[in-house]
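Visitor: I would like a close look at a single part of this structure, with the terms explained as they come up. Could you take me through one helix, and where it sits in its chain?

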Amino acid sequence: MPVLDLMSGFIAELRNAGLPVSLTENLDAMEAVKVIPIEDRDAFKYALGATLVKNNAHWRVFETIFEVYFSLRGPEYEINQEGQPDDFWREMQDQMDQVKGQGEGKGSGGGMDSLTPEEIAAMLMRALMNGDQAMMRALAKQSVQRFAGMEPGRPVGGTYYLYRTLRNLDLDNMLQKLIDANREMSNQALSSLEERLEKDEFESRIEQFKQEVEAEIRRRLVADRGAEAMAKTLRKPLPEDVEFMHASRDEMQSLKKALYPLTRKLAARLARKRRHGRKGPLDFRNTVRHSLSYGGVPADPKFRYPRPAKPELMVVADISGSVAAFARFTLMFVYAIQNQFSKVRSFVFIDGIDEVTKFFKSTEDIGEAINRVNSEADVVWVDGHSDYGHAFEVFFERYGKDINSKTTVLLLGDARNNYHAAQSWVVKEMRKRARHVYWLNPEPKSYWNTGDSIVGEYGAHTDGVFECRNLRQLEGFVENLA
Amino acid sequence: MKPRFKDVATVRSGLKKENYLADDGIAGVVYLADRLGKPVLIEGPAGTGKTQLAKSVAEMTGARLIRLQCYEGLDESKALYEWNYKKQLLRIQADKTSDSWSEVHDDIFSEEFLLTRPLLEAITSEEPVVLLIDEVDRVEVETEALLLEILSEYQVSIPELGTITAKQIPLVFLTSNNTRELSEALKRRCLYLHVDYPDLEREKEIVLTKVPDISENLADQIARIVRSIRQLDLKKAPSVSETLDWARTLMLLGIETIDEKEAKETLHILLKYQTDIAKAAKELSVTK
């Protein structure tokens, strides 16, 4: 049975992508497939999703893999052979003739070739303007066929074809054109609110069109190369596994989105742990009150909630180029759960050091505070290349007296010191005064102490150096900290 | 057992009759839950109709809704069952002389002295039942284990009495606001449904069904503004219930088309943080 084969390949690929699919879930999915026909693609997708994906953050990965494995199923997803224009295409041509305002009519066999890219772009604009979904889908198909220039067997990813297709349609300027056209069409001037809404509407339609194109390209690639090979090239890490140091812009966005729910969960977990971690002293009043229902026998002793002190935190972060993203995420993370600490102070450095706590105090918006840190903090001393030694020295001189036995100091950076003096005695001194000193390094462990990295030298004086390449590791560390 | 629903479309239209507009995902998972006899774990932002789904399904099937509200410190005596020890004590004291010890012992651990709590009640009930376990993420991880037996086997084991098995398999819904990661064991036993903010069309329809006498034009405008606001980077995006509140407010104020001024003045109904309101007000008036 082909569906069964397809399913086992599909599930293997989900596991390869890092989704934890257990055996029971696998069986559930098989049961679900029995009652939901594969022809009803949407219902089929949701049925598989409900049984296999138990975390919303994994949904996008699931969707991509689903598209790869099941995109060639169902009649409406057949790929049209060239030179076989379907009904839709004919209808499009009729519309095109109307656009041009001349009834000459192209020959029905003319196909896409008879149209210039500009004409196709004009048709697309019309479809986007009217929000004509079916038309957009057909145009996506045709423009991929026409512009992507896909060659069978060529092992490139879909992005290249996507770029080629969209470039020909001039999609970058489409939004502005649509807005202008809309302005001309409406008789009276639009208020700025209306304009804003129109813009959002067009943006979402363009985005939808892009997705159609992408899906079409993917379908063709799968048809050419087979699902397994395709899934392999499309495989992407889950948001919590994306490395800070090598994240693309898109991945940064998804990281940011993943950060907030993660911190919320962590805060709830920590608050709970704080209260239930150990038992407090006997609550005498409460025990006596409860003893009344047992005839005065204190059978059910009650305890006070323990209230252990919250740690104070000092974050000292390197924000030079290579590790800036890591510092940013760590700061966001720490501030998002700052009510788990009694006090958080933050310092950033490159070769000079500056305190940035005030940026976070003055606003509730962490993202904005981070932006201000990057633009306003005074962190350059000489040349703007990392100098841990000097930064630490200044830090100790200015703020060293504030480190006390309640303070935990977090040092963030890759310890690539550009062969400056290490001044590791500062870290040693810090450790004497502070409760703990930890070092978080965004580099993989195998890179430590290679080249100009001297993390080992600093690390010897700390309570621990931790590899912190992705959100998962960061979360794990912070959980143990608070 | 006879399935409750014929197909996905039946679920959808049935829910619509109860004024609950389900999308493909929601209707599909409810249908599947019935067919596979599995509980549904519903996650999603607050105010997107997670609890309402369970209520609407109960109304649609004409079943009784049994609700267990979870909270920190919930234990088996509140969720499953409890021995009515006061009554037991009375029973022992009532006739100290007559019965032998073993008789009394057997007697006081019988169903007469058992207080059923929501979970036990749901599976012992004769008539059809929808069980709603609300905000399951609020209980501790250890307490979650209490649910496992009932969720996978639809039975409850009471050491003194033996195992009580369900007379009919109830539809079970668990909701979670995602304040913590639920245990793998729990997730594995459930179908998973993520209810997100609705898309433009669905939100508009929800406004139209839930707010009487609202004009189509206004509903459309509301849905579009709310969508634009949700795209901003906010502390708390407006939920569906807040959208509805806003729609009702606008109706009360007798507003037919929203302009910038009115939008700004009533934003505080949609958004609950001052920083969010300021941000949205600024964004919505940007000309470009």
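Guide: A residue is called buried if 20 or more other C-beta atoms, placed from the backbone, lie within 10 Å of its own, exposed if 12 or fewer do, and partly exposed in between. This is a predicted model, in which local features need pLDDT of at least 70 and side-chain atom pairs count only at pLDDT 80 or more, while totals for chains, interfaces and linings use all residues. Residues are numbered from 1 along each chain as its sequence is written, and chains are lettered from A and ligands numbered from 1 in the order in which they are written.

Of the 482 residues of chain A, 33% count as buried, and the chain has 20 helices and six strands, these being DSSP runs numbered from the N terminus (H or I with at least four residues for helices, E with at least two for strands).

The part to look at closely is helix α4 of chain A, residues 59-70. Because the expected span is 1.5 Å times one less than the number of residues, its twelve residues should cover 16 Å, and the end C-alpha atoms are indeed 16 Å apart. Within α4(A), the buried residues are A:V61, A:F62, A:I65, A:F66, A:V68, A:Y69 and A:F70. They lie on the same side of α4(A), because they cover an arc of only 165° around the axis, where the arc is that of the directions from the helix axis to the C-beta atoms.

As for the chain around this helix, 73% of the contacts in chain A with a separation of 6 or more join residues 24 or more positions apart, a contact being two residues whose C-beta atoms, placed from the backbone, lie within 7 Å.
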